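Hi there,

Here is the structure I promised to pass on to you. Have a look at it first, and then read my notes below.

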Amino acid sequence: MSDCLVIESVTKTFAHTDAPVKAVDDLSLNIRENEFFTLLGPSGCGKTTLLRLIAGLEKTSTGRILLSGDDITSLPPNRRPVNTVFQNYALFPHMTVAENIGFGLKMLGRPDTEIATAVTDALKTIRLEQLGTRKPGELSGGQQQRVALARALVNRPRVLLLDESLSALDYKLRKDMQIELKRLQRETGVTFVFVTHDQDEALSMSDRIAVMHKGRIAQLGTPQEIYHQPASRFVADFIGICNFVNGGIFGLSETQDVGFRPEDAQLNNRTHKDGDLQAHGRLTHITYHGATTHFQITLSSGEKVTLAPHTAPDLTPDSEITFSVPADRLIRCAP
């Protein structure tokens, strides 16, 4: 698969009263054609700044940005074949849904018949065929999101940039829109670059994820690689829950910390399977989460771990607990 977007040694420095701040620090990245690519990280990690650099809304301090082999580093936003969907959707409230979707094509001077056909097709794609004459204020949040996506996709950009575009939706609608976004990306074949701080969104939708930290990429990989083989403790802690304990807790000779995911643990007071590592502790807290139950265990060392076994036994706080973790599920990564 060929590269669609290439970021070459890009740095973005902002002036500050105390000292210059590097929001993006000598970052290089290749994003493939037809890929759903996610920039994931906490607030202040540089992910939105990088998105704005791709869009042309910020200028690079150093480095280059190439799109399908063309250097777009110095191009203004309106000359870049990319579109952006922002968190607030930025729909025109006085225009109908159809007028909003066709606005970009109208600005490009396309014929009315072409615009009408494109808008009709776009409404079908987002499954809002009957709502073309409504105004944005008459739509739900999810419907407004779809209209914003259709408006951004109708003129077939090479790349669609999405900046925290689901964060304003409630939980269930956000889950529905995650499926919808992935469907739209597959059907249109447009490269999506999605910015979020929500790990669940990133894991559920992405072909690949770049986890960002302090303006750099802490790890780049598939959702499975990022989750099960984190490159650093920062990545392991940021993606889901990860327990880190001294290896001696499991009887290992290594003194460095080892990690494990809560769902990889099995609570038991029975003989463990070959290859499983055992540890002991006291159950201090139980938290019910619907599909899972979290058990907080205090180890003899004073360290606390969270377990979320697939089968949750009937236990009460202050119980003495034995738990096991398969040896091949231990996470060993850089500090």
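These notes cover a pocket and two residues.

This is a predicted model, so local features need pLDDT of at least 70 and side-chain atom pairs count only at pLDDT 80 or more, while totals for chains, interfaces and linings use all residues. Residues are numbered from 1 along each chain as its sequence is written, and side-chain values use heavy atoms, with hydrogens and water left out.

Let's start with the pocket. Rolling a probe the size of a water molecule over the atoms shows where empty space is left. A pocket here is an open set of points on a 1 Å grid over the protein atoms alone, where a 1.4 Å probe fits, with protein on both sides within 12 Å along at least five of seven lines. The largest one has a volume of about 700 Å³, taken as the space filled by probe spheres set on the points. It is lined by 24 residues, and Pro 77, Val 82, Asn 83, Thr 84 and Asn 155 are the closest to its centre; lining residues have an atom within 4 Å of a point. Strand 6 gives the most to this lining, with four residues.

Now for the two residues. Asp 26 has a positive phi, near 50 degrees, and is not a glycine. Glu 164 also has a phi near 50 degrees. How exposed or buried is each? Asp 26 is partly exposed at 47% relative accessible area, whereas Glu 164 is buried at 13% (buried is under 20%, exposed over 50%, partly exposed in between, with a 1.4 Å probe and protein chains only).

Enjoy exploring!

Technical notes:
Helices (H or I, at least four residues) and strands (E, at least two) are DSSP runs, numbered from the N terminus.
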